[in-house]
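Biologist: Please take a close look at one part of this model, the pairing of aromatic rings. Then set that part in the context of the rest of the chain.

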Amino acid sequence: MTVPDDLVRAVEATLFAAEEPLTVDQISNHLGKADVRPALAELKAHYEGRGIRLVERGRRWHFETAPDLAHLLRREKEEARRLTRAATEVLAIIAYHEPVSRNEIEAIRGVQTAKGTLDVLMEAGWVRAVGRREVPGRPVIYATTPDFLAHFGLGSLKELPGIDELRAAGLLDPVDDEMIETALRPQPVDTSDEPPEPECDE
């Protein structure tokens, strides 16, 4: 193995010391505006197949444990985070349609979304408010976070599975199949201030 140059070592040290994933620009600014992309590519190749690996999630870079070794680092069995059906539907709609407002989510689902549903997703760190829609009432719009991509092992939202992939993997039951197909299908949404009165979540 060749001895890495100073920039590769500097990028490696910066990522190890960072408290959160960093963008290319953040790494570059920290290292005097250096072009760090070649160094990132070299480090990614170097750590391929090792106990840790360098990955890019949502345009942010960080080191993570190799998936096949993660079980060795768990001292206690982690309780799986279970989402309600409503939260699962809302998360799917946000992921496939972001940025999206609450009214738009409700228009796609056909039911009102309880405030607690979005709160659960935001507390999990998977969804965040990203601004307001420039329409009457200026509703808040929501999008997924880098933590969402990291949790589900996605490099970007382009890697989200399509309806055929979900069905082939056996991840849809007959009820979910209809809901997910609706969520993935592009459709106009109602952004008016006074949408039709829908039924409520159970």
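Modeller: What follows starts with the aromatic rings and moves outward from there.

The model is predicted, and every value below is computed from it. The structure holds four aromatic pairs. One of them joins Tyr 47 and Phe 63, with ring centres 5.0 Å apart and planes at 70 degrees; planes over 60 degrees apart count as edge-to-face, so this pair belongs to that class. Its two members come from distant parts of the chain, 16 residues apart. Tyr 47 belongs to helix α3, which spans residues 37–47, whereas Phe 63 belongs to strand β2, residues 60–65. The pair therefore links a helix to a strand. Tyr 47 and Phe 63 are both buried. Ring pairs also bring in Phe 16, which forms a cluster with Tyr 47 and Phe 63.

Another pair is made by Phe 148 and Phe 152. Here too the ring centres are 5.0 Å apart, but the planes stand at 50 degrees; this angle is neither under 30 nor over 60, so the pair is classed as tilted. The two residues are in separate accessibility classes. Phe 148 has a relative accessible area of 4% and counts as buried because the limit is under 20%. Phe 152, at 41%, is partly exposed because its value falls between the limits of 20% and 50%.

Two further residues help to describe the surroundings of α3 and β2. Lys 44 is placed in helix α3, the helix that also holds Tyr 47. With a relative accessible area of 37%, Lys 44 is partly exposed, whereas Tyr 47 is buried. Leaving aside residues up to four places away in sequence, Lys 44 touches Leu 54 and Trp 61. Lys 44 and Leu 54 are 10 residues apart along the chain, and their C-alpha atoms are separated by 5.1 Å. Gln 26 lies in helix α2 and is partly exposed, at 35% relative accessible area. With the same sequence neighbours left out, the contacts of Gln 26 are Pro 21 and Arg 60. Between Gln 26 and Arg 60 there are 9.3 Å from C-alpha to C-alpha and 34 residues along the chain.

Next comes a pocket. The second largest pocket contains about 400 Å³ of space. Its lining consists of 16 residues, and those closest to the centre are Gly 58, Arg 59, Leu 149, Ser 156 and Leu 157. Strand β5 (140–144) and helix α7 (146–151) each contribute at least two residues to the lining. By class, the lining has six charged, six polar and four nonpolar residues.

Several backbone details lie elsewhere in the chain. The peptide bond from Glu 98 to Pro 99 is cis, with omega near -5 degrees, and Pro 99 sits in the loop between α4 (85–97) and β3 (100–101). Lys 33, a residue other than glycine, has a positive phi near 65 degrees. Its place is the loop that runs between α2 (24–30) and α3, where Lys 33 is exposed because its relative accessible area, 65%, is over 50%. Arg 138, in the loop between β4 (127–132) and β5, likewise has a positive phi, near 40 degrees. Arg 138 is partly exposed, with 41% relative accessibility. Helix α5 covers residues 102–109, and its buried residues include Glu 104, Ile 105, Glu 106, Ile 108 and Arg 109. Gly 110, just after α5, takes a positive phi of about 85 degrees.

Taken as a whole, the protein chain has nine helices and five strands. From the N terminus on, their order is α-α-α-β-β-α-β-α-α-β-β-α-α-α. The chain has 202 residues, and 33% of them count as buried. The chain exposes about 13,100 Å², with 50% of that area supplied by carbon and sulfur atoms. Of the contacts between residues at least 6 apart in sequence, 53% join residues at least 24 apart.

To return to the part requested, Phe 16, Tyr 47 and Phe 63 form a cluster through ring pairs, and the edge-to-face pair in that cluster is Tyr 47 with Phe 63. The tilted pair is Phe 148 with Phe 152.

Key:
Residues numbered from 1 in each chain as written. Predicted model: local features only at pLDDT ≥ 70, side-chain atom pairs only at ≥ 80, totals over all residues. Heavy atoms only, no water. Phe/Tyr/Trp six-rings, centres within 6.5 Å; stacked < 30°, edge-to-face > 60°. Helix = DSSP H or I, 4+ residues; strand = E, 2+ residues; numbered from the N terminus. Buried < 20%, exposed > 50% of the residue type's maximum accessible area, 1.4 Å probe, protein only. 1 Å grid on protein atoms, 1.4 Å probe; cavity = no way out; pocket = protein on both sides within 12 Å on 5 of 7 lines; lining within 4 Å. Points joined across faces, edges and corners; volume = space filled by probe spheres on them. Nonpolar A, V, L, I, M, F, W, Y, C, P; charged D, E, K, R; others polar. Contact = heavy atoms within 4.5 Å. Areas by Shrake-Rupley, 256 points an atom, 1.4 Å probe, with all protein chains shown as cover.
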